[in-house]
Amino acid sequence: MVVAFAVLFAVVTPAVNGVMTHGETARLGDRIALDGGVAFSPAAGWTIVDGTVVGDEPRSGIGKTAEVDNGAVAFSVRTAKWDGTPVSLLDQVRQTTDALTDEAGPHVVGDPLPVTTTNGEQGVMSRYRSVSADGAIAAFVIDGTGVEVVVTGPVETTGLAATEVAGMITSIAADNRGEQ
């Protein structure tokens with residue numbers, strides 16, 4: 001019996017781990033669907049850590065969270081029912097984050113700025129900072145669904161990643177396929 005477990009851990013487990021993927025790479029034109037009838041376009045080349053690509057939906061339905069990353073910057077989206085405004089959603093996130101994290105943890109800082117997606121969805125965005133990371137947090141309300149976007153990465157993140165993040169934020173829209 002001990003020999004069987006040794007073979008399992010020494011041979012079978014590494015072989016299975018080598019075959020399994022730890023996230024697929026987003027392709028140009030991919031859309032990630034979220035519960036509540038919302039979708040966004042991940043930047044091509046980023047790894048889809050969590051989420052369902054439109055067209056690959058399981059019978060069990062799609063989730064309330066999605067995350068993509070490029071190895072340094074993480075872009076996560078979460079949805080839930082929300083009957084307030086984008087500003088009230090961002091305020092709720094700020095209050096919750098402040099209550100759950102210490103001084104070194106991530107916090108929403110600064111006054112919110114308006115942001116508009118390419119489909120005309122109105123939202124707000126603020127900086128998101130901690131001792132070791134920087135980022136942004138955006139909030140939208142689309143057809144009764146609150147959408148929270150959190151972007152985190154190293155403090156020095158600039159350039160292409162910032163452009164790709166802006167593209168992902170402005171791609172957020174209602175998913176009008178009628179399959180939610």
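Thr-117 is buried, with a relative accessible area of 5%. This residue belongs to a predicted model, and the report starts from its surroundings before turning to the sheet.

**Around Thr-117**

Thr-117 sits in the loop that links E8 and E9. A value of 5% falls under the 20% limit, so the residue counts as buried. What does the side chain of Thr-117 reach at 3.0 Å? The backbone nitrogen of Glu-121 is the partner at that distance. Leaving aside neighbours within four places in sequence, Thr-117 is also in contact with Phe-140, Ile-169, Thr-170 and Ile-172.

**The sheet**

Eight strands make up an open sheet, and their pairing is antiparallel. Read across the sheet, the order is E1-E4-E6-E7-E11-E10-E9-E8. Strand E1 (24-25) and strand E8 (107-116) are the edge strands, each paired on one side only.

Two helices are described against these strands. Helix H2 (residues 86-100) packs on the sheet and touches E8, strand E9 (122-129), strand E10 (134-142) and E11. The direction of H2 makes about 165° with that of E8. Helix H3 (residues 160-170) lies across strand E6 (65-69), E7, E8, E9, E10 and E11. Relative to E7, helix H3 runs at about 15°.

**Pairs of strands**

The table lists three antiparallel pairs from the sheet.

| Pair | Bridges |
|---|---|
| E4 (residues 47-50) and E6 | three bridges |
| E6 and E7 | five bridges |
| E7 (residues 74-81) and E11 (residues 145-153) | eight bridges |

Single residues can be placed within these pairs. Thr-47 has Asp-69 in E6 as its bridge partner. Glu-67 stands opposite Ser-76 in E7, and Val-77 stands opposite Val-149 in E11.

E6 and E7 form a hairpin with four residues between the strands. In this hairpin, Gly-71 takes a positive phi near 100°.

**The two faces of E6**

Which side chains of E6 point to one face and are buried? They are Ala-66 and Val-68. Thr-65, Glu-67 and Asp-69 point to the other face and are not buried. In a regular strand the side chains alternate between the two faces of the sheet. Along E6 the side chains follow such an alternation. Two residues on the face that is not buried, Glu-67 and Asp-69, have already appeared above: Glu-67 lies opposite Ser-76, and Asp-69 is the bridge partner of Thr-47.

Conventions
Residues numbered from 1 in each chain as written. Predicted model: local features only at pLDDT ≥ 70, side-chain atom pairs only at ≥ 80, totals over all residues. Heavy atoms only, no water. Pairing = 2+ DSSP bridges. Contact = heavy atoms within 4.5 Å. Axes fitted to C-alpha atoms, helices over the stretch in contact; angles between N-to-C directions. Buried < 20%, exposed > 50% of the residue type's maximum accessible area, 1.4 Å probe, protein only. Polar contact = N/O pair within 3.5 Å; in protein donor to acceptor, adjacent residues only side chain to side chain.
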